[in-house]
Amino acid sequence: MSQSNAYSATAEVGQLRERRSRWETIKLELRKAPISAWFGFIVIGCYLFVALFSPLLAPHGEAEIFKTPFAPWDAKHILGTDQIGRDVFSRLIYGATNTIGIALATTLLSFLIGGGLGLAAAITGGWLDQLLSRFVDVLMAIPSLIFALMLLTIFGSSIFSLICIIAVLDSTRVFRLTRSVAINVTVMDYVEAAKLRGEKLGWIMRREILPNIMPPLIAEFGLRFSFVFLTIAALSFLGLGIQPPTADWGSMVRDNASMIQFAKYDITAAMTPMIPAAAIALLTVAVNFVVDWFLHKTSGLNDEH
Amino acid sequence: MHPILGTVLQRILLGVVTLFFVSLIIFSAIEFLPGDFTQAVLGQAATEETVAAFRKELGLDQPAPVRYMEWIQAVMSGDLGTSFSGRNASGIDRSRSVVDLIEPRLWNTLFLAAMAAIVAVPLALFLGITAALYRNSVYDRVVNASTLTTISFPEFFVAYILILFMSQLWFDFPAIASVNAETPFWERVYKCILPALTMTLVIVAHMMRMTRAAIINLLASPYIEMARLKGISKSQVILRHALPNAWAPIATVIAFNLAYLVVGVVVVEVVFVYPGIGQLMVNSVTTRDIPVVQACALIFAATYIILNLIADIIGIVTNPRLLHPR
Amino acid sequence: MMSTDNNDTKNTDSTDENGQKGDILLEMRDVHIDGFSDEKWHHIVKGVDLTLRRGEVMGLIGESGAGKSTLGLAAMGFAQPGCKIVSGTIKFDGMELTKASENEKRALWGSRIAYVAQSAAASFNPAHRLIDQTVESTVNSGIRSLEEAQADARTLYASLQLPDAENIGDRYPHQVSGGQLQRMMTAMAMSSRPDLIIFDEPTTALDVTTQVEVLVAMRDIVERFNTAAIYITHDLAVVAQMADFIKVLRYGNEVEEAETRQMLTSPKEEYTKSLWSVRALTKPEETSDDVVIEIKNVDAAYGGSVKVLHDINIKLPRGRTVAVVGESGSGKSTTARVITGLLPPMTGEVLFNGEVLPKALKDRSKDQLQRIQMIYQMADTAMNPRHTIAEIIGRPLEFYHDLSGKAKQDRILELLHLIELDQTFYDRIPSELSGGQKQRVCIARALAAEPDVIICDEVTSALDQIVQEGILQLLLRLQRELGISYLFITHDIATVQAISDEIVVMYQGAVVEQGLKSEIMSPPYPEYTQLLLKSVPEMDPDWLTNLVDDRL
């Protein structure tokens, strides 16, 4: 029984894909990314820059109070001053650090809790999975903003409790997603093959499962971040989130909301509450554009034609 | 008994169990309060006796399970307790019952939500379905990009943009929706235009995207391609082949967004100073008025659970596999 | 027999209207079709000509990626989403389909050209009764009234041997079996008495015993109404029963076209011969008394309740191959799960070299795990898509044999060489490999453990014929060189012929018989073995006819 001449395994090139290194693939993808994704990347980059270097960029102090409240836009106060005479432009810059920093910390914490438990539930299955899943079902039966309001009543509105409360509530969604994508991976033959080889649970989790659930989790991180960011902004706007004198975009809108009624006389005055609100919106738009593009890429959807 | 009835009953039972656990969580809120909260409610000057009397009134001298039973019985008979505000150190009690506080505001909120839903639901379904049918057309791209932008906006930003243009610069719609029990219907509608419009914009964006995704998913089924290969016309493919299978996903989308509407109402009510249950809840959180917060949370959660329950039931009763068992 | 008369009259009518048997019905010239994938356009069909006359059945055969389904759909003037007909002409009964409007084509579909899809279960709308779907196009295009069409549908159901033909149409798709649905779809296609039916792999998803019934029903009805058909499949034996002449496609090009008998007896092209290369392989059987694995009185159940294995006894001789055959649901794969310890048996035991293996995976030693390895049907899901080939093959080396660094690298290259791949595959990832190459890497991973036994679960059934042959040759060579024993699970009798020494026949969770290949494959047969063996299509155009005659 000799090997057939017409056939050789290495030459079986009918379906052989083109080879590219990972970096080449990333570059190629980026070059093809639509304008909206590029816009998103640039905006996120700017925000992060401002957030990281806010003390160097801000012309005045975060809580520094000047003599004239409601000062108009001029050279000294680029965007004027607020109701008690603080420089709006400086507070906007400091607000970036606070608002983005807190939202980022909350999202990370929620992924730590939800991702860890979701992975554990998917792999071990059985009663742990059942218990966690039913518990999450109950928590998700209460709208999260309402739940957050209730918990804030009990624990008060410190930054620490704010981060913990939102993170725990948001981790329910992370849990569900992690669990469902991880379960799709755990039924794969390569996981069974690893079990048959006698691999330990930790190795299977780290080497076989985690690398394969990263793309949806990364996308979810973007979505969760913008959701957390909006929730915290909403709470601050309601006066229940980040407390004064810490500069924060949500409470800046609340504090200066009444200035909108001067729009007919001085449009710049009306902008005082609108600018921080727009700052919030712009960042979430940017994140959503990037996530949208990323999801489109990784889900393998090609409905371009 | 038709097997579908069993499935529906099972689902309803599950809803009741969920509601039970949710009520447990909401009830236990008071357990986590720091021990001296009675002092805080009554003020520093409160005497030992008034504090003791207040604690007794709250039933804090009894074990938690007993109090839960009493509380849930009272809730079921329509008694949501008494507000903490209006109490003071002297022991004179000017507090109002929670039901009295909530009832008129609940109607206001429902009125506003209904106003938004009446416009938003049909509009969103129309936009979502047409965008899915004309996928990747210019129309689809425009609708898609603008809804993606809208869902990224915080509700208060949408609200203030509307106030800026519709109430200050171009038109003169009321920026403050002050209504009371005597306000006539059409005046009420007029005053609610901006808050309702805010909610409509936010909901339409969410709902349209979900509808589009659900329809696209449906149109990718092999039986839809088969219908096309059978020479069925485009409209018949949609009406006869896609629609009967679309009820479940569409019901889910609607329920999800009505639930979202209920929550989104909190911020919008605060912006427009609308006397609804959301604003009441925010005020009560600020003053740490636990009974009111509990009652509001319970109402919001129950609405949420019931809406999802209805969507699930619609999904069950329109599923041919369950409708016509083997 | 009134209904049959009725049908015959109709058929004569339509022939009068639309032309005579032997007239050209479909003519495709130099058709090019492109498809979009991996971010660019590829040529799927590269200039194929096709001529089909009235009443003729053409077999369109080729392996995956040959473009046969795309070409079949193009015969309707239809391009799937993501595909486009770039150039060429497609003339159906004088009408140019590439230039026809959507509406003109839609008027043809379902009335003059009908389509039968591979997956009947997914292609019927779950929300409507079967009879409503059967007659939908016929009534829509005004060919028959609703009552007439429904009465006709019931007659069609009866002639397609569907049980309870009067009422089966009132059921919903999920209420009937897969084989019945496939016949139902044939009835749906036939309802309007089209001039042309495209059958797109209609029996591929069915078990062999079901396939026979569906094939008989489809062939009879096409013959009775003298309908022209294009029958697309990858299985030459199946198409030989159905088609008057056969066209072979490869990579979007025509290889050759010939009358069926001529194609089978004297194919012109080397490639055509390779399409039944697996059938040409046979292994001389050998036996051995040295048993490496013995399964004794095993009962097993899923979830402790649904019993799926009943008193299983199987012996695997050392250095030999035992093929386990049976249809889906016969318990073949469950048996494999019991041996590997994934599903601990309720009663009974598994002996390895005469010692009882612990029932559950977690109680087995590393040494026991290393000696029994497994290869899966879908190489795609059996390898982590994020690991390189070196990581995949290297892991058992470091896990079982503590190899690392240069020693590991050398051994990986050695293993690659053993499976006839070279060092360029070392740092590739699975998605860069073809199907056959992936399965080879899976074999290398199993070999890396240096096992005594490899369980092969349908390892060749997802692969094209020529690739299957390569894999089977490789497995045979490895057995000769390394003395490995195989437990080879399959439903394909040709594969069994090619690789096995002994055969185990399973049916509904029980062993029907075990014995040497020659014993099992020759009479006397137990009833089920006979049914199974007789149902496997043979490379003989008269096979199906003879089978039907035998049964009568």
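1. Let's start with the C/B interface. In this predicted model, 29 residues of chain C touch 20 residues of chain B. Together the two chains bury about 2,400 Å² between them, and carbon and sulfur atoms give 56% of that area. If you want names to click on, go for C:Arg106, C:Glu136 and C:His174: they supply 25% of what chain C buries against chain B, more than any other three residues. The size of an interface is often quoted this way, as accessible area lost when the parts come together.

2. On confidence for the whole assembly, the predictor gives the complex an ipTM of 0.80 and a pTM of 0.80. Chain C averages a pLDDT of 85, with 95% of the residues scoring at least 70. For chain B the mean is 81, and 91% of its residues reach 70 or more.

3. Where does confidence in chain C bottom out? The lowest mean is in helix H1 (residues 2-18) of chain C, at 42, while strand S16 (residues 372-375) of chain C has the highest, at 93. Over residues 1-17 of chain C, pLDDT stays under 50, and the model has twelve contacts beyond four places in sequence for that stretch. Where pLDDT is low, the predicted coordinates should not be read in detail. In chain B, the element with the lowest mean pLDDT is helix H2 (residues 37-42), at 67, and the one with the highest is helix H10 (residues 222-229), at 89.

4. Next, a sheet in chain C. Four strands make an open sheet in the order S2-S1-S4-S5, with antiparallel pairing. Strand S2 (40-53) and strand S5 (95-96) of chain C sit at the edges, each pairing on one side only. Within the sheet, strand S1 (residues 24-37) of chain C and strand S4 (residues 83-92) of chain C are linked by eight bridges in the antiparallel sense. For a register check, look at C:Gly35, which stands opposite C:Cys83 in S4 of chain C.

5. Further along chain C there is a hairpin to look at. Strand S19 (residues 502-507) of chain C and strand S20 (residues 510-516) of chain C run antiparallel and are joined by six bridges. The hairpin has two residues between its strands, and C:Gln508 in the turn has a positive phi of about 50°. C:Tyr507 stands opposite C:Ala510 in S20 of chain C.

6. That hairpin also bears on C:Ser330, a residue in the loop between strand S13 (321-325) and helix H13 (332-340) of chain C. Is C:Ser330 buried or exposed? It counts as buried because its relative accessibility is 3%, below the 20% cut-off. Leaving aside its neighbours within four places in sequence, C:Ser330 is in contact with C:Met506, C:Tyr507, C:Gln508, C:Gly509 and C:Ala510. As for its side chain, a polar atom of C:Ser330 lies 2.8 Å from the backbone oxygen of C:Glu327.

7. Finally, chain A. What secondary structure does chain A have? It has eleven helices and zero strands, so no sheet register to check there. Of its 305 residues, 51% count as buried. Among contacts in chain A with a separation of 6 or more, 68% are between residues 24 or more positions apart. The accessible surface of chain A comes to about 13,800 Å², and carbon and sulfur atoms account for 68% of that surface.

Note on methods:
Residues are numbered from 1 along each chain as its sequence is written. Chains are lettered from A and ligands numbered from 1 in the order in which they are written. This is a predicted model: local features need pLDDT of at least 70, side-chain atom pairs count only at pLDDT 80 or more; totals for chains, interfaces and linings use all residues. Side-chain values use heavy atoms; hydrogens and water are left out. Two strands pair if DSSP finds at least two bridges between them. Buried means under 20% relative accessible area, exposed over 50%, partly exposed in between (1.4 Å probe, protein chains only). A polar contact is a pair of N or O atoms within 3.5 Å; within protein, one must be able to donate a hydrogen and the other to accept it, and residues adjacent in sequence count only if both atoms are side-chain atoms. Contact means heavy atoms within 4.5 Å. Accessible areas come from the Shrake-Rupley method with a 1.4 Å probe; for residues, only the protein chains shown count as cover. pLDDT is the predictor's confidence in each residue, from 0 to 100. Buried area is the accessible area (1.4 Å probe) that two parts lose on being put together, summed over both.
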